[in-house]
Amino acid sequence: MAYYQCGRNILRRIGQDAGVKRSDGYLPSLFFTGQGVRYRKLEVILTTNMDKLGKAGETVKVAPGYFRNYLMPKLLAVPNIDKFAYLVKEQRKIYQPLEEEEVKVVKESKQDLMKEYIAAAKRLDNGTVVLRRYFKVDNELREPVTKDEIIAEVARQLSVQVEPENLYMPNPLSSLGGHEIPLRLPKSIPMPQGKLMWSLKVKIRRK
């Protein structure tokens, strides 16, 4: 498998030239399921054979944290983007017959899933969604901010996707300033010590 080692060396140089950096502060997009919150899977291309994961050159789906903390630092896999996919494809053309790529889903343990749920919940609870709106008098908004708008901004600003039932918001937000919206998350997600409920902070500023 010498040509895959060669491919990994090339990928290392491409990553350095392109300024690929590890970003521990970034959390990929997440979504809510019936069981709670979880990360979306990432598609990556393996640069070497790995037990229970796949063969070199295959495209597989893995948890973002597993890729960021283990696969990427050791160059065992690269993001499934055009420049990396093209390089691996060209290497395979030279050294072996072209094979159909197969996408495999790596099963996660309940413990791994719970860690993802907790990380997503904390991201929501610690983050602040900022919106800018036109106002009339006495800080009253021309058009109230609806639940659907909040959900869209949470996905854009915090990279978290929530369902309408996860937000307790009986009425639209109609005034400038700070608002705190209670979150209805699964009871299986442990609450931080000293905290009574999960909440999302929203700040509406003048446009």
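**Exercise 1. Decide whether Tyr70 is buried, partly exposed or exposed, and describe the aromatic pair to which Tyr70 belongs.**

Step 1. In this predicted model, Tyr70 has a relative accessibility of 33%. Buried means under 20% and exposed means over 50%, so Tyr70 counts as partly exposed.

Step 2. The structure holds one aromatic pair. Its members are Tyr66 and Tyr70, whose rings lie 5.6 Å apart from centre to centre, with 15 degrees between the planes. Planes under 30 degrees apart count as stacked, and the pair of Tyr66 and Tyr70 is accordingly described as stacked.

Step 3. Both tyrosines belong to helix H2 (residues 64–71), where they are four residues apart, about one turn of the helix. In an α-helix there are 3.6 residues a turn, so residues three or four places apart point the same way. Tyr66, like its partner, is partly exposed, and its relative accessible area is 35%.

**Exercise 2. Find out how far the model can be trusted along the chain, using the pLDDT of its strands and of residues 18–37.**

Step 1. Begin with the whole protein, for which the mean pLDDT is 76, while 71% of the residues reach 70 or more.

Step 2. Then look at the extremes: confidence is lowest in strand S1 (residues 30–33), with a mean of 39, and highest in strand S10 (residues 177–182), with 93.

Step 3. Over residues 18–37 the pLDDT stays under 50, although the model has 57 contacts beyond four places in sequence for this stretch.

**Exercise 3. Check the span of helix H4 (residues 110–126), and work out on which side its buried residues lie.**

Step 1. Helix H4 has 17 residues, and at 1.5 Å a residue it should span 24 Å; the C-alpha atoms at its ends are 24 Å apart, which agrees.

Step 2. The buried residues of H4 are Leu113, Glu116, Tyr117, Ala120, Ala121, Leu124 and Asp125. Because they cover an arc of only 165 degrees around the axis, they lie on the same side of H4.

Step 3. On the face of H4 turned away from this buried side are the exposed residues Gln111, Lys115 and Asn126.

**Exercise 4. Repeat the analysis for helix H5, and state what covers its buried residues.**

Step 1. For the 12 residues of H5, a rise of 1.5 Å a residue gives an expected span of 16 Å, and the end C-alpha atoms are 16 Å apart, which agrees.

Step 2. Ile150, Ile151, Glu153, Val154 and Leu158 are the buried residues of H5. They cover an arc of only 170 degrees around the axis, and this puts them on the same side of the helix.

Step 3. The face of H5 turned away from its buried side carries Asp148 and Arg156, which are exposed. The cover over the buried residues of H5 includes H4, S7, S8, strand S9 (173–175), S10 and S11.

Step 4. Just after H5 comes Ser159, which takes a positive phi of about 55 degrees.

**Exercise 5. Describe the largest nonpolar core, and follow the contacts of Leu200.**

Step 1. The largest nonpolar core has 26 residues, and those with the most contacts inside it are Ile150, Val154, Leu167, Leu173, Leu200 and Val202. Two or more residues each are given to this core by H4, strand S7 (128–133), strand S8 (140–145), helix H5 (147–158) and strand S11 (199–206).

Step 2. Apart from this core lies another, of 10 residues, among them Val44, Leu46, Leu53 and Leu71.

Step 3. Not counting residues up to four places away in sequence, Leu200 touches several residues, including Leu124, Ile150, Val154 and Leu167.

**Exercise 6. Compare the phi values and the exposure of Lys52 and Asn139.**

Step 1. Most residues other than glycine have a negative phi. Lys52, however, has a positive phi near 65 degrees, and Asn139 has a positive phi near 60 degrees.

Step 2. Lys52 lies in the loop between strand S3 (42–46) and strand S4 (59–62), whereas Asn139 lies in the loop between S7 and S8.

Step 3. With a relative accessible area of 86%, Lys52 is exposed, while Asn139, at 34%, counts as partly exposed.

Notes
Residues are numbered from 1 along each chain as its sequence is written. This is a predicted model: local features need pLDDT of at least 70, side-chain atom pairs count only at pLDDT 80 or more; totals for chains, interfaces and linings use all residues. Side-chain values use heavy atoms; hydrogens and water are left out. pLDDT is the predictor's confidence in each residue, from 0 to 100. Contact means heavy atoms within 4.5 Å. The expected span of a helix is 1.5 Å times one less than its number of residues. Buried means under 20% relative accessible area, exposed over 50%, partly exposed in between (1.4 Å probe, protein chains only). The arc is that of the directions from the helix axis to the C-beta atoms. Rings of Phe, Tyr and Trp (its six-membered ring) pair if their centres lie within 6.5 Å; planes under 30 degrees apart count as stacked, over 60 as edge-to-face and the rest as tilted. A nonpolar core is a set of buried Ala, Val, Leu, Ile, Met, Phe, Trp, Tyr and Cys residues joined through side-chain atoms within 4.5 Å.
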